[in-house]
Structures are given as structure tokens and as C-alpha cells.
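Work through the exercises below with the structure open. Each has a task and a stepwise solution.

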Number of protein chains: 2
Amino acid sequence: MSETHSVTENTGSAPARDTAAGSGAVLHLADLHSSLADPMMDTMNFLNEVVMTYPEAISFAPGRPYEGFFEIEQIFTDLRRFLDHLSARGRSAAEVRSTLFQYGPSAGIIRDLIAESLRADEGIDVPPESIVVTVGCQEAMFLTLRALLSGPGDVLLVPSPCYVGITGAARLLDARVSVVGERDDGLSCADLEAAILAERVRGRRPRAVYVIPDYSNPSGVTMSLSARRELLDLADRLDVLLIEDSPYRLVSPGIQLPTLKSLDRRRRVIHLGSYAKSLFPGARVGYAIADQPVLKAGRAAGLLADELAKIKSMITVNTPALTQAVVAGALLSCDGRLSELSSEPSAHYGGTMKSVLQGLERAFPSQSRAERGVSWNAPSGGFFLTLRVPFRADNAALGRSARDFGVIWTPMSYFHPEGGGEHGIRLSTSYLRASEVDQGLERLARFVDAEVAAVRSHA
Amino acid sequence: MSETHSVTENTGSAPARDTAAGSGAVLHLADLHSSLADPMMDTMNFLNEVVMTYPEAISFAPGRPYEGFFEIEQIFTDLRRFLDHLSARGRSAAEVRSTLFQYGPSAGIIRDLIAESLRADEGIDVPPESIVVTVGCQEAMFLTLRALLSGPGDVLLVPSPCYVGITGAARLLDARVSVVGERDDGLSCADLEAAILAERVRGRRPRAVYVIPDYSNPSGVTMSLSARRELLDLADRLDVLLIEDSPYRLVSPGIQLPTLKSLDRRRRVIHLGSYAKSLFPGARVGYAIADQPVLKAGRAAGLLADELAKIKSMITVNTPALTQAVVAGALLSCDGRLSELSSEPSAHYGGTMKSVLQGLERAFPSQSRAERGVSWNAPSGGFFLTLRVPFRADNAALGRSARDFGVIWTPMSYFHPEGGGEHGIRLSTSYLRASEVDQGLERLARFVDAEVAAVRSHA
């Protein structure tokens, strides 16, 4: 085979990649899908470049889990545990082999274990048939938006600031996004209702609201229980769906508020799940709970989950059995109680958040805080908090921060799809060790002081 | 945590899933994305239902690999081999762990090994930077179409019949597809040129042509070397790209013709790769080679692969490190020469194809073949062949075949996006054992005889 090719490969004067750009196909960004020319893409690239240019800088940017809890042998153990589980459930050796090696059902092979875990951990009681296992929560977002946003009049409502994964997915689908400014205590139902009604006046169809009720990315804000109930009532009254994303709950300390889905009595909630934080991101296993009945020409035609699985069959066919197996093995190891399995990480992340908050108190003592015009919120869990500063926390400021002070953070403006957040900074608390936190916050304080001084000298 | 939830879970009168459809959110298929109401979806469901209703029937429908070559321990061995490889290349234990557990680069972590394998196996010489590792070849299709089809005037050209994965992906993107009837010896460049020019006359922009040059799914046809060269010239002359998909080459016996990509001197080809047949489908690892330079405002801005990776970051973030690691371990085990690793499967599939062709000769002896109006093509490899029959091989006929004769096949009409193929049957040769093949073909011959007789009695 390679013989044929080595002959044909050498007949040209030079391989294609060595020829000048003008002598073959050249594409123009403007001719590719418009999402690729979105300024947001460049903005994100800037952050990546800053991180690469200043490798010694302490970074409060990445929302990655801490790596101290990862053990390679655990993967082998979890995989074997799931295979043993299949055998114990009466599957023949050939069936077990087929499960791991062949194409599988688009909706996934561990839906029963996920459903059990949701009952044990979250009081979410849904049938396995309402679950679709996805390649990370990101694919669950993409499938959900593709199903719900069917035409140019359809609108997705998102808080501002908002997780870029959902707005990015909407962008790929040329879907319309309408933003609702988030308040200090989270999304306000009154604001949301006004936004929904305004979209209707414009002749559009608001389909769903995306929300991270617990320790939101990027702001760190958690919705109160009463706000959750109000949001569910509003969704029912105005006939919209809620897309609930909550990756940080199970790695946050203490008792959590109920998810929207566990409070959902009228199937208003599509719950998106992630194992990226409770197990590990590299697994790329997430899921959607979509228990809404779908009618076809007035007759029952399955659940929304079935429709998501159909879409998935044209995107990734099915989530790799291997990664589902490793996640299943971990779920089996704790009888589905991920909250128990992740008690140590929860305590760790809670501790890191606390040490960042304490570090901020030290770095910006309360007597000088008002004078400096600096404030922050104080999440009790999750990976992020919001720092407010009296200067423009833009890419230029980020560049100065990295170059002159050795500290990196994320401009909150990255997360506002229609502008805003110019004076906000997202600090991630998940990835750093305690020693780095203290040093990083000292550097941050010096950077902030320099910026405040610069603003005043201009004023 | 579960305490809180068990309280809230029990406050409602009944869990949402037990309430009647009318008492909560109910969705209407007509309100969801139009791809979900595509008649093709129901058609495919019909085949699945037939398979489930008649489990004893012998099925020539599934294009799955044969399972006899799969060994579970191989996965563990391959995974360890890749981890050892990383260590041997100087990665620390922490770095190896991070590679497996953390988020990774969207373009993948085994691009260098894939590039080496492509040089060894296929004479395709591209830099690792031009490769994006995907969740199966299906995601590579989706990324490529999303990048290239940016507006309502953009057109993808496909042969008819055509693999449903590509037309399904286009459907999800509301992208326009234009079909070119495939001839007995494959896609004709003259037909393609006429179709491209006709689209231009309509004011549209033909962007790319999808083609499976080797042992096409569904027809089994292979393009000649001269047709490949002609196709590359045509693409260059008319300024379109070729999307080459070739999953069956490495599991087909004998010397293969060169891929379009190995003949490509002007970067006209985006090559989509799959390990589903050469390794195993459950890995869900594929890739795209997209070495086309992209200009932004006239200046070099990387390769098309970079743009595909950006899109991927909003669909699956990255291909699971675990599945990439297993594929990498397999590539390392044979110095990238998958053609050697899969020499046994190649011989097997070649043998099965031969036995189906010999079985057809016996089932439809040449003296009666013309009289019966039955014919077929004779691929030398791949998973599929086309059987032509003098009656409508539609779902009703498939139902009779399964119920009355215990044999299942795929109507070729499923693969014609704009109609056609009513007298065609796709026979898959990959999955069955020799004993099943003979019995299945006997049943098929009896079914065909009954249908021919029925047509004649009506005539």
C-alpha cells in the first residue's frame, strides 16, 4: 500500500505544504462561518497568548480542577469495575466486549447509573430514558440549543455575564441570543420577564433561559431558593424552558440548595450535567436530562431526550463507551453518591475559595478598600468570584498585569455578549495552591494600586 | 446534600414524570429544529424497528466491524503503552497525569503520531498542525461543514447515493446540499462539473464536494486513479474543495489506490480519517486533515485546522484524552503502520466480501439472472455492495423480507437525498460469519423470487 503512495507522493515537484500560499487553495476567514470571525475568538486568543508569553506569572484565569486528586491507576480500576458490573448483571463476555468496542446507542450506555446517582445525590427522580450521555456538558448544550432554536425568530435568553460555552454554541448555530443583566444576587425574575416580553413584542419567540444557579461561571453568584421557585413559576407562566447547568455543586462545601430540576414539577427544566469537576475533565462525559414529552402531529412521540439523541447521532454518533465506562466505574464505587466521593475535593475547593477571600481582605484592607474603589463578592463555593475595580480591566490592563506584575486574570468583559463588565475581573480559585494564592494576590494588589494611581493621575 | 433534596422532592404531589402530558411543558416536533422532522429520521427508525421485531432474521444491514478481532485487554495494554511513551519522551509523572485527566487542546494530543502514521501508511505528508483529532469521523464532518458552509448560498455537493452522516450533518446546519448521481464506476467529473456550474448559474456558491473514493458507503464503488486525478484538477479549476472520507481502505485486501490527499498538490483536499474500522468504533476517534492556509484581512492567519479546532471547542471542547491514548497506543504498537496491524481484519473482510459475491453467484445463477432482472457490482474490498432488483425495494418490501423470509437489508433509497435508488439494495458484508452469509443469501434469493413473481402477476 505504502509503495503505491511513495511513488505518487514523489511525482509532484514539492509537497503541497511547501508551496507558496498563492499556488493552491487559500481560504479567507470572511468566507468561513461567521462565528470564526467573532471578535470573541480573538479576545480569548489574547488571554492564551498572555498565558504563554508569561509562563512564570501566577494565573487566576483557568477554571480547571485541581490535579492533586487525580490518580492514573484509578482509571484502570474504574474501567474494570464497570466491566465486572456488566458481567455480574448477566452480560456474556462477548456482550461486554461488544459494549466497549462497537458503536453504541446515541443516548448512551450508563443512563441507569446516572439516573440512580441523580436520585442519590440530587433528589432528581427521572427515568433513564430522559437522559442523553454526551461528550462533556458542552455537547449537551449544543444538542439542546440545536433542538430548541429552529428558526431566526427563536431566542435564547442568557444572563450577562454568561458562560462562553453556551453563547459560543449559539453562535455556531447562528442563533439569536438576548441578554439579561445579572444582579449582585443573580438573575432577577422581573428583569427576565421584561426581557421575554420585550422579545415577544419584537415578534420573536423566547424558547429557553440558560442559567447556572449555583456558583455561576463567571460571577460566582448563587440564586436563592425563593428566586429558584420564582424562576420556575415564571418559566411555566410564560411558557419557556430553563436550561440548568450546575457543574460546581458537587465540589462545593456544605449543604447545597436544591437544583431547579429537583424543584421542577412541570418539566420546565432541561438539566445539563458534567462530571468534569466531580470526576475529571479529561473524561469528557456529561449529560442532558430532557424529560419533556414531544408530540408529533398531536400524538406522543417520545421525550425531548430522544430528539437530542437523534441530533447527537449526526455530531458524535455516541459518547465513547470507554469514557462512559470509567465514569460508570466511579459511580459504582460510591453507589452513585458522587457527593461522598468528592467530599475531599469539596473541602479543598472550599478551602481555596476561603483563602482567596481572606487573602483579598489582607491585600485590600477594609480601611483603604473604599478609597481604592475595589470590592468583591464572597461565594461559599464554586470556582470563581468577581472583583470590581475602578479602572478598565481590559486586554491592555491584562497585558500590563502579566508583564509588569506577574499576575493573570480574566477580564469580566469577555463574558458579556453585548458589552459590559469593563470594571470586572474574574478570579478563579480552583487551580492554585495556597502558597501561589497569597503571592498572586499580593501581585494583584500592587497591579490594582498602580492602575488606580494611573487613573487618578489622568483625572 | 441529599437530605435537602429529599425534602424538596417530596413537597409536590407527584414527580413531574408521573403527571399527565397536559400538566407541564409539552413540546411539539414542529417547533423543534426541522432536521428532527425530516422523513429520513422515520425511515431509519423503520429499519431499526424491523431489526428489533425480527431478532432471528439474518441482517445484511449494519455496517459494523466484525467483533472477532476485539480483545478487552488490548485496551489496557495500549493505554499503558501511550503513558510509557509520554514518560519516555521526558514528561514528568505530573504531566502525564495532567494529559490524561485535564482539559486538553481542542486539536488533540496525538497529532504527531497520526501524522507519522499517515506518512507510513498512506504517503500523506502533512504537518501535525494540519490535523484536528475528533470524536469519530462524524465530528470531523460536522466541523468541516460548519466551517465551510457559512451562508444560505453555500452548497455542498454529494454523490447520490451518499453516506447519511454527511447529509445528516448538513441538515443540522440548515445547509444546502446538491446531489450528483453516481455512476456504476463512481462519481463522474463531467456530471460534477455540470452540477457545480448549474449551482453557480443559480447564484449559489459550491464550496465542497464530499466523496468516498474507496469502496463507497453505500454503493461499494471505487474511483479509478484517472478519475481521482481528474477530480483534483476539476476542484482546482473550479475552485472548490474536496472532502475525502475513506474509512474502509485499511481494512480492505491488496494494494490500495492512492488517496486524493496523497495526490493533492494544491491543498484542494480536506481528508477525514476514521479509526472505527481499522481499530474499533467504540474509541470514537477520527480526525480531519485541513492544511489549507486561511487569510484574515489578506494576512496569513493559520490553517483551516485551527478554525476547525475553534469550532470544536464549542461542540466537544476536546476529544477525550483516554480514547486518544488508546488509539495512540495502538499506533505505537505498529510504528504507525495500521495497514500491518489490520492485515488480519483486511483478509477477513476481503474473504467475507468474496464469499457474499460467490454466494450471490450460487443464489442467482447466471442463466436465470437476466430473466430475473437481478444484478450486482463486485467490490474488491470495503463493507458494502449494491444489488439491483426489478421491484421496488422499499420499506414495505423490507418488512415482507424480514417477516416472511427472515432476511434484512437496507433499501438503497435511504441514501438518495433527493429520491432514487428505488430498485437498489445495500448489502453489508462486514458483520456476518460465513455460515450466516450462505443462509442469508438463500433467504434473500427466495424473497427476490417471490417479489419478482408478484411484480409479474401484476403486470
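Helix axes are lines fitted to C-alpha atoms over the stretch in contact, and angles run from 0 to 180 degrees between N-to-C directions. The model is predicted.

**Exercise 1. Crossing helices in chain B**

Task: Determine how helix 6 of chain B and helix 11 of chain B are oriented to each other, and describe their contact.

Solution:
- Step 1. Two numbers are needed: two packed helices are described by the angle between their axes and the distance between the axes.
- Step 2. For helix 6 and helix 11 (residues 304–313) of chain B, the angle is about 105° and the axes are 9 Å apart.
- Step 3. Angles of 65 to 115 degrees count as roughly perpendicular.
- Step 4. Helix 6 of chain B is therefore roughly perpendicular to helix 11 of chain B.
- Step 5. Now list the contact. Helix 6 of chain B brings Glu139(B), Leu143(B), Thr144(B), Arg146(B), Ala147(B) and Leu148(B). Helix 11 of chain B answers with Leu304(B), Leu308(B), Ile311(B) and Lys312(B).
- Step 6. Sort these residues: six are nonpolar, one is polar and three are charged.

**Exercise 2. A second helix pair, in chain A**

Task: Do the same for helix 2 of chain A and helix 16 of chain A.

Solution:
- Step 1. Helix 2 spans residues 39–53 of chain A, and helix 16 spans residues 395–405 of chain A.
- Step 2. Their packing angle is about 5°, with the axes 11 Å apart.
- Step 3. Angles under 35 degrees count as roughly parallel. Helix 2 and helix 16 of chain A are therefore roughly parallel to each other.
- Step 4. From helix 2 of chain A come Thr43(A), Phe46(A), Leu47(A) and Val50(A). They meet Asn395(A), Leu398(A), Gly399(A) and Ala402(A) in helix 16 of chain A.
- Step 5. The contact residues divide into five nonpolar and three polar, with no charged ones.

**Exercise 3. The four-stranded sheets**

Task: Which strands stand at the edges of the open four-stranded sheet in chain A? Then treat the sheet in chain B.

Solution:
- Step 1. In chain A the strand order is 12-13-16-15, and the pairing is antiparallel.
- Step 2. Strand 12 (375–376) and strand 15 (410–411) of chain A each have a single partner strand, so one side of each lacks a neighbour in the sheet. These are the edges.
- Step 3. Strand 15 of chain A is joined to strand 16 (residues 424–428) of chain A by two bridges. Here Pro411(A) stands opposite Ile425(A).
- Step 4. Chain B has an open sheet in the order 12-13-16-15, again with antiparallel pairing. Its edges are strand 12 (375–376) and strand 15 (410–411) of chain B.
- Step 5. Two bridges pair strand 15 with strand 16 of chain B. Thr410(B) has Arg426(B) as its bridge partner.
- Step 6. Helix 14 (residues 343–363) of chain B lies across strands 12, 13 and 16 of chain B. This helix runs at about 15° to strand 13 (384–388) of chain B.

**Exercise 4. Relating the chains**

Task: What symmetry relation links chain B to chain A, and which rings of the Phe142 pair meet across the chains?

Solution:
- Step 1. Two copies of a chain are related by a rotation about an axis and a shift along it.
- Step 2. A rotation of 180° with 0.0 Å of shift along its axis superposes chain B on chain A, with an RMSD of 0.0 Å.
- Step 3. That is the relation of a two-fold axis.
- Step 4. Of the interface residues of chain B, 99% are also interface residues in chain A, so the copies meet through the same surface.
- Step 5. Over all chains there are 26 aromatic pairs. In one of them, the rings of Phe142(A) and Phe142(B) have centres 5.6 Å apart and planes at 85°, so the pair is edge-to-face.
- Step 6. Phe142(A) lies in helix 6 (residues 136–148) of chain A and Phe142(B) in helix 6 of chain B, so the pair joins two chains.

**Exercise 5. Backbone details**

Task: Where do Pro161(A), Pro218(B) and Ala297(A) lie?

Solution:
- Step 1. The Ser160(A)–Pro161(A) peptide bond is cis, with omega near 10°. Pro161(A) sits in the loop between strand 4 (154–160) and helix 7 (164–172) of chain A.
- Step 2. The bond from Asn217(B) to Pro218(B) is cis, with omega near 15°. Pro218(B) is in the loop between strand 6 (205–211) and helix 9 (225–238) of chain B.
- Step 3. Ala297(A) is not a glycine, yet has a positive phi of about 50°. Its loop lies between strand 10 (293–296) and strand 11 (299–303) of chain A.

Conventions: Residues numbered from 1 in each chain as written. Chains lettered and ligands numbered in written order. Predicted model: local features only at pLDDT ≥ 70, side-chain atom pairs only at ≥ 80, totals over all residues. Heavy atoms only, no water. Pairing = 2+ DSSP bridges. Least-squares fit on C-alpha atoms with pLDDT ≥ 70 in both. Contact = heavy atoms within 4.5 Å. Parallel < 35°, antiparallel > 145°, perpendicular 65-115°, else oblique. Nonpolar A, V, L, I, M, F, W, Y, C, P; charged D, E, K, R; others polar. Phe/Tyr/Trp six-rings, centres within 6.5 Å; stacked < 30°, edge-to-face > 60°.
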